[in-house]
Amino acid sequence: MTENIIDELTWRGTINQQTDAQGLKDYVQNHKIALYCGVDPTGDSLHVGHLVTFMILKRFQLLGHKPVIVIGGGTGSIGDPSGKKSERVLQTMEQVHHNQAALTKQMINLFGTDNFEIVNNYDWLSQIDLLTFLRDYGKLFNVNTMLNKEIVASRLEAGISFTEFTYQILQAIDFLTLYRQHQVQLQIGGGDQWGNITAGIDLIHRLEGPKTPVFGLTIPLLLKADGTKFGKTEGGAVWLDAHKTSPYEFYQFWFNTDDRDVVKYLKYFTFLSREEIASLAKQVQEAPEKRAAQRTLAREVTKFVHGSAAVEQAERISAALFSGDLLKLSADEIEQGFHGVPAVEYHGGVVNLVEFLVDKTQIEPSRRQAREDIQNGAIYVNGQRQQDLDFQVDPQTAFSGRFVIIRKGKKKYTLVRTK
Ligand SMILES: N[C@@H](Cc1ccc(O)cc1)C(=O)O
């Protein structure tokens, strides 16, 4: 018999709170359910933080349950006060629509179209007129209960508008609507969603009967061993959009995971079995310098998000950067691998190396310094050491004529864009 999914999630460490732990565990043992999480379109790409919840939805999907994702076209136009210290600035409806379209595309990429659905709460929330809202829903919400929810309570001092205060009712209407129209019985969300999720369960119990089997589950806040927030690098958030975070950078992000975090991440973000993870955990203990666990993590997550070809490409880029053998890379690979490296422009023809380094690109401060570095063997053009003062740089020789890459010393790279 396959393991109960709730037991599996518990082992993976991805459950924080549940409304009815035993009830849900028993229920999913005998039923295939529909379950949902919502995403407000506050940005135009998902980031690795979203993956925490999505991986859980995906695990359910792989076992034959049906995930539904709500794109919050309606709620996103209001703004969830959860986790925010101050009032949000309203997004324009154009922004909401733009973001919505971008997110939908990424979600289909992760979940496919079979046994999966994306719905937009704008479709039903925008249809409720004010009087219906107050008479049919408002009456069922007790202001005291609403005020006592952590999200609202923590905001009372700084102030909260009626608009954001109402957010929990909207999310509750979502759960009710999804229960009625899509048989959704479980809502999953981040730890800060507890108040909104329980508001929905209360509403369903009021309207559909107190024994209606609906459940809520939140995931723990993911903190790194060094105490900083998961999913952020010096360059900012790690996006699933390949144009914002290249697959190579994405791979590197996972590969650079601290030894203290890597086993936890393998549990959260991969579909590897207990045995496979146990064996990798052992390798972290015995041979941390090999980074076998990090490599597997990077491969698995990059494959899930960007596909196998992206994994191979990321590893090819890493290998070439490590060995210095840049000519093995295509122009696109150079673009990925050198994203974030200082870049300058040069639009001209063949030119002497000293002139290129000093006059054309200012990589070297003076001719004297340039000559010295070249003669000392500190200058590399496209990965190859050049010690000849008469060397001619030809932008057309490599990378489809798009780049010349200069390395000075051990590590100091400059990307020269030539097209
Ligand atoms: N409130 C959730 C998003 C959400 C929107 C609508 C829902 O029905 C559920 C969840 C968040 O901000 O993360």
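**Chatting through a predicted model**

By class, the shell around the ligand has two nonpolar, nine polar and three charged residues.

Biologist: I'm new here, so which elements each supply at least two residues of the shell around the ligand?
Modeller: Keep in mind that this is a predicted model. In all, 14 residues surround the ligand, with Gly38, Gly72, Thr75, Asp80 and Asp174 the closest. The elements that each give the shell at least two residues are strand S1 (34–39) and helix H10 (167–182).

Biologist: And which helix gives the most to the largest nonpolar core?
Modeller: That core has 93 residues, and Tyr36, Ile69, Leu266, Leu297 and Ile405 touch the most other members. The top contributor, with eight residues, is H10.

Biologist: Which residues does tyrosine 36 touch, leaving out those up to four places away in sequence?
Modeller: Tyr36 is one of the core residues that touch the most other members. Setting aside residues up to four places away in sequence, tyrosine 36 touches Pro67, Val68, Ile69, Val70, Leu178, Val184 and Gln187.

Biologist: Is alanine 237 exposed, partly exposed or buried?
Modeller: Alanine 237 sits in strand S7 (residues 236–237). A residue counts as buried with 20 or more other C-beta atoms within 10 Å, and as exposed with 12 or fewer. Alanine 237 has 16 within that distance, so it is partly exposed.

Biologist: What does alanine 237 touch, not counting residues up to four places away in sequence?
Modeller: Aspartate 202 is 35 residues away along the chain, and its C-alpha atom is separated from that of alanine 237 by 35 Å. With residues up to four places away in sequence not counted, alanine 237 touches His47, Gly231 and Lys232.

Terms used: Residues numbered from 1 in each chain as written. Predicted model: local features only at pLDDT ≥ 70, side-chain atom pairs only at ≥ 80, totals over all residues. Helix = DSSP H or I, 4+ residues; strand = E, 2+ residues; numbered from the N terminus. Contact = placed C-beta atoms within 7 Å. Near = placed C-beta within 6 Å. Nonpolar A, V, L, I, M, F, W, Y, C, P; charged D, E, K, R; others polar. Core = buried A, V, L, I, M, F, W, Y, C linked by C-beta atoms within 7 Å.
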